[in-house]
Structure formats: structure tokens, C-alpha cells
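This briefing introduces a structure to a reader who is meeting it for the first time. Please view the sequence and the model before turning to the points below.

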There are 2 protein chains.
Amino acid sequence: MADRQLYELHASICQALANPKRLEVIDRLRDGEKSVTELAEALQIGQANLSQHLTVMRQKGIVRSRREGLNIYYRLSSPKIITACDLMRQVLLEHLEAGIELARR
Amino acid sequence: MADRQLYELHASICQALANPKRLEVIDRLRDGEKSVTELAEALQIGQANLSQHLTVMRQKGIVRSRREGLNIYYRLSSPKIITACDLMRQVLLEHLEAGIELARR
DNA sequence: TTATAATATTCGATAGTTCTAATATTATAA
DNA sequence: TTATAATATTAGAACTATCGAATATTATAA
């Protein structure tokens with residue numbers, strides 16, 4: 001089974017999404033590219049840490065970057081990422097609602 | 001910002017997907033529910049460990065279970081999970097292909 | 001050149017995840 | 001009851017992720 005390796009890669013993509021700050025980065029990139037400085041302001045997070053998060057996502061192919069002078073702009077590598085995130089959020093919300101239903105009784 | 005909490009929850013859903021065995025479980029459940037024993041055979045994994053993986057996914061609302069006699073059957077809680085996984089796999093494959101392109105030069 | 005702004009990398013402490021082995025629970029059958 | 005099959009839980013060792021502080025790199029401007 002060479003599938004094993006594919007599952008590992010797939011898991012590492014999910015791992016790269018499994019952090020609140022990185023998900024917020026993705027949200028901020030929905031409507032187009034942003035520089036690291038712009039992202040740092042929006043996220044209220046240290047520069048080094050943001051850079052680490054961006055590196056993780058770039059290495060997994062979730063975002064891409066381009067340099068323009070001093071600034072480096074990041075963008076989503078594919079709109080599929082937005083769709084996938086939205087679907088996961090829907091599953092989450094349905095799960096929360098189900099929990100509330102149960103608690104109501 | 002109450003968003004922070006949502007991002008945390010969303011990240012914990014992604015975390016629950018960020019493991020090769022759990023992704024394989026999801027794949028096995030695509031075409032309907034399976035008992036723990038059936039899954040253990042398919043995945044070639046220890047019983048305790050599989051049970052732990054299933055617990056993680058159940059707690060996050062990714063799978064649901066029902067008991068029938070001695071057996072417990074697990075199923076996906078929503079077809080959205082399949083779509084989300086498929087999209088992530090597409091992003092992964094595109095990233096791999098891009099890497100191969102680069103290496104070819 | 002030298003100074004400076006923007007971003008990346010490295011390091012080490014802390015916290016979280018994964019696995020296996022052992023044990024517990026739950027439901028049925030003898 | 002007692003035995004057994006299916007599944008869950010617990011505990012601890014090994015591994016991995018996260019963060020901030022310090023430092024390095026890269027590109028521009030003086």
C-alpha cells in the first residue's frame with residue numbers, strides 16, 4: 001500500500017490547518033494577498049511567530065508568497081482551501097448545535 | 001472578538017483530521033458504517049489505539065456511533081467531511097505536481 | 001558603505017500528541 | 001452466575017508543535 005504515504009501527506013496538510021492563528025491568516029487572505037506586516041497587525045501576534053506560521057503553510061502548499069521590495073506578500077494557493085475550511089466550519093457548527101439540543105432536554 | 005474561540009474550535013476539528021490513521025478511517029467510512037472490528041482489520045492497527053482515534057473523531061463531531069449488541073458501528077456525521085477531505089487532497093496533489101515541475105528544470 | 005525596515009531562522013522551554021501495555025466496561029451466551 | 005467477545009479507558013514513555021527572545025538575512029535609502 002503506497003496509500004500510507006498519501007495519508008501521511010494529507011495528515012500533514014490538516015496539521016498545517018490545525019492552529020487558530022493559521023486559520024485566521026487564511027481568513028484574512030480570502031479577499032486577496034496581504035503583506036506579513038499587514039497580517040501581523042490584523043492578528044495581534046509576534047512577527048517571528050507569524051513568520052513561522054507562514055512558513056508552515058507555504059511548505060505545505062497552502063499559501064504562496066512573492067516579494068515586492070522590502071515586503072513579502074502572501075496569498076492562498078487555491079480557492080479550494082476556502083471551500084474546505086468553510087465545510088469544516090459547517091460540520092463544527094452542526095456539532096455545536098447538536099450539543100445544545102442535547103443540553104436543552 | 002469572540003471569533004478567537006471559533007478559530008480554536010475550528011483548529012481542533014482540523015487537529016482531529018491531522019492523523020493518517022484517522023484519515024484512513026474516514027476513507028473506510030465513505031460507503032457506510034463499519035464496526036470497530038472491521039475497521040481494525042482494515043487499518044492493521046491495535047484495538048486500543050483505534051478506539052482512541054475513534055473517540056477523538058466522535059468528540060469533534062466527525063463521526064457518530066451506535067451500538068448493536070456487542071458491536072459498535074461508526075459512520076461519518078456528514079458527507080461534507082468527504083468533500084472537505086477531497087478538496088484538501090486536491091490541494092496536496094497540486095502542490096506535489098508543482099514540486100515535480102520545479103525539480104524537472 | 002552604513003543604517004534601517006521587513007522578514008526569516010534558530011534555540012530552548014513548555015505543552016500537546018501518539019503509541020503500547022494493562023485494565024476496565026458492556027453485552028451476550030453457556 | 002460465570003465466561004467470553006467487543007470496545008473503552010488509563011498511564012507513562014517517546015515524539016512533535018508552539019511560543020518568545022535573540023540573531024540573521026534581504027532590500028532599500030542616506
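The following points cover the fold of chain A, the surfaces near the DNA strands and the contact between the protein chains.

The model is predicted. Chain A contains 5 helices and 3 strands. Residues of chain A and chain B are found around DNA strand C, since elements of both chains contribute to that surface, and the two chains also touch each other.

**Fold and dimensions of chain A**

- Along the sequence, the elements of chain A follow the order α-α-β-α-α-β-β-α.
- The radius of gyration of chain A is 16 Å, whereas a compact globule of 105 residues would have a value near 13 Å.
- Along the principal axes, the C-alpha atoms of chain A occupy a box of roughly 60 × 40 × 25 Å.
- Of the 105 residues in chain A, 27% are buried.
- Among contacts in chain A with a separation of 6 or more, 49% join residues that are 24 or more positions apart.

**Surface near DNA strand C**

- DNA strand C is surrounded by 22 residues, of which A:Val36, A:Thr37, A:Ala48, A:Leu70 and A:Asn71 are the closest.
- Two or more residues each are supplied by helix H3 (36–43), helix H4 (47–59) and strand E3 (71–76) of chain A, and by helix H4 (47–59) of chain B.
- H4(A) provides the largest share of this surface, with 6 residues.
- The surface near DNA strand C comprises 14 polar, 7 nonpolar and 1 charged residues.

**Surface near DNA strand D**

- Around DNA strand D there are 23 residues, and those that come nearest are B:Val36, B:Thr37, B:Ala48, B:Ser51 and B:Asn71.
- Chain B supplies two or more residues from each of helix H3 (36–43), H4 and strand E3 (71–76), and H4 of chain A does so as well.
- The most residues on this surface, 6, come from H4(B).
- By class, the surface near DNA strand D holds 14 polar, 7 nonpolar and 2 charged residues.

**Contact between chain A and chain B**

- The contact involves 31 residues of chain A and 30 residues of chain B.
- On the side of chain A that touches chain B, two or more residues each come from helix H1 (3–17), helix H2 (20–28) and helix H5 (80–104).
- H5(A) gives the most to that side, with 12 residues.
- The side of chain A that touches chain B divides into 16 nonpolar, 9 polar and 6 charged residues.

Terms used: Residues numbered from 1 in each chain as written. Chains lettered and ligands numbered in written order. Predicted model: local features only at pLDDT ≥ 70, side-chain atom pairs only at ≥ 80, totals over all residues. Helix = DSSP H or I, 4+ residues; strand = E, 2+ residues; numbered from the N terminus. Rg over C-alpha atoms; globule rule 2.2 N^0.38 Å. Buried ≥ 20, exposed ≤ 12 C-beta atoms within 10 Å, placed from the backbone. Contact = placed C-beta atoms within 7 Å. Near = placed C-beta within 6 Å. Nonpolar A, V, L, I, M, F, W, Y, C, P; charged D, E, K, R; others polar.
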